[in-house]
Structures are given as C-alpha cells and as structure tokens.
Amino acid sequence: VTKDVMGFESYQKCPEGGWPKGADTTTLCKFLESFCEKQHDAFRGNEVFRWIFTAVANINLALGTLYRAGLWLSRSEASTAATCGLNFLQSYSHLAFHTLQGGRDRFPLIPKLHYLHHLFLTLHEESLRCAWSFNVLATSVQADEDFVGHTARAARRSGPQYVALRTLQRFLMQAQEHMPPENPAGAR
C-alpha cells in the first residue's frame, strides 16, 4: 500500500484508490478492519475512526455473506447481507458528514453508493417476505483478474468487435493448461 496506489496527493485533496479490480479491495477492507480492531483503544473518542470501523466491519460481513452463499440466499443470509449493507451506507454517510463538517472532503457520495442502496434495500424487503432471495452478486460484473491484466490487453489488439471473445478464448486456454491430462480410453 503506497501513496500512489491509494491516490494520495495531499491532505487537502480526497484520495482516490488506483489499485486493480479483483481481490485487492477485499484484502484491503479485511486489513482495514483488522487494523481498526487492533487500534481501537488508540483512537477512542475519534468519531471518524469509529465510523470507519463500523463501515468496514459491515461491508465485510455483507459481502462475505453474499460471496459464501449460493445463487439463492436463505432468509437469514439475505437479512444479514441487507442489514450490514445498509449499515455500511449509513456509516459512510456519517463519515461524509463528519469530514465535511471538519472542512475535509474525504468520503464523496458517488453514484455507485446509490446503486448499492437499491440492492441492499431490495434484499432487505425480500428477506422480510420471502423464504429465499436471489443473490444480488448473480447479476454483477465480476471479471477474472486475468481479464483486467495481460489477457485483456492481448485481446484488445485483435479488434474491438473481438475483445470479449478473445479474452474468453485466452482464459479457456489458460484453464486447459491447468487441467489434468485425460486418461486414454479404458485406462484407470
């Protein structure tokens, strides 16, 4: 974690993370929650720190619940994910308020938060009236890290109309390299 990765230019400007997509965000959030747990006493009384800890703990539990679940969420899973997701959004709004009150622009209210609110609110309503809810991750875009890095760059060189096809072909070729060899007919 460096200043460049975090997009930190100065204390006057809101940093914008610049890490690649994928597990980096999950890992960073788990690290942040662990850090907050260990530093809890050192930051006692710090309102911003308290809301950061609350926000990251809630989003980690919400997304962890969604990722561990299948296509259909039980009422308990849906309720946990929805409640924690909505708690994250509420904590984030408190962070935006407190830092703006202090004259710092640290937690911008971006459109993606509005979309998350719709997802978690819908999930919450479904958990109240249905035994099973559709996992919101099923309709999200979650590209394999290979699609973001080298494989995607190679696919873009083949022409814009073939990017998705070439990326998937390269992914399948890499997956095939890791498959055990097929047994000859009748071999055990």
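**Salt bridges in a predicted model**

The structure holds two salt bridges, a salt bridge being a side-chain nitrogen of Lys or Arg within 4 Å of a carboxyl oxygen of Asp or Glu. This is a predicted model, in which local features need pLDDT of at least 70 and side-chain atom pairs count only at pLDDT 80 or more, whereas totals for chains, interfaces and linings use all residues. Residues are numbered from 1 along each chain as its sequence is written, and side-chain values use heavy atoms, with hydrogens and water left out.

The protein averages a pLDDT of 82, and 80% of the residues score at least 70, pLDDT being the predictor's confidence in each residue, from 0 to 100. Among the elements of the protein, which are DSSP runs numbered from the N terminus (helices are H or I, at least four residues; strands are E, at least two), strand β1 (residues 72–74) has the highest mean pLDDT, 96, and helix α6 (residues 145–148) the lowest, 50.

One salt bridge joins R44 to D41, whose closest N and O atoms are 2.5 Å apart. R44 counts as exposed because its relative accessibility is 59%, and D41 likewise counts as exposed at 57%, where exposed means over 50% relative accessible area, buried under 20%, and partly exposed in between (1.4 Å probe, protein chains only).

In another salt bridge, the side chains of R50 and E47 meet at 2.7 Å, N to O. Both R50 and E47 lie in helix α3 (residues 47–68), three residues apart, which is about one turn of the helix. R50 counts as partly exposed, with a relative accessibility of 40%, and E47 is partly exposed, with a relative accessible area of 32%.
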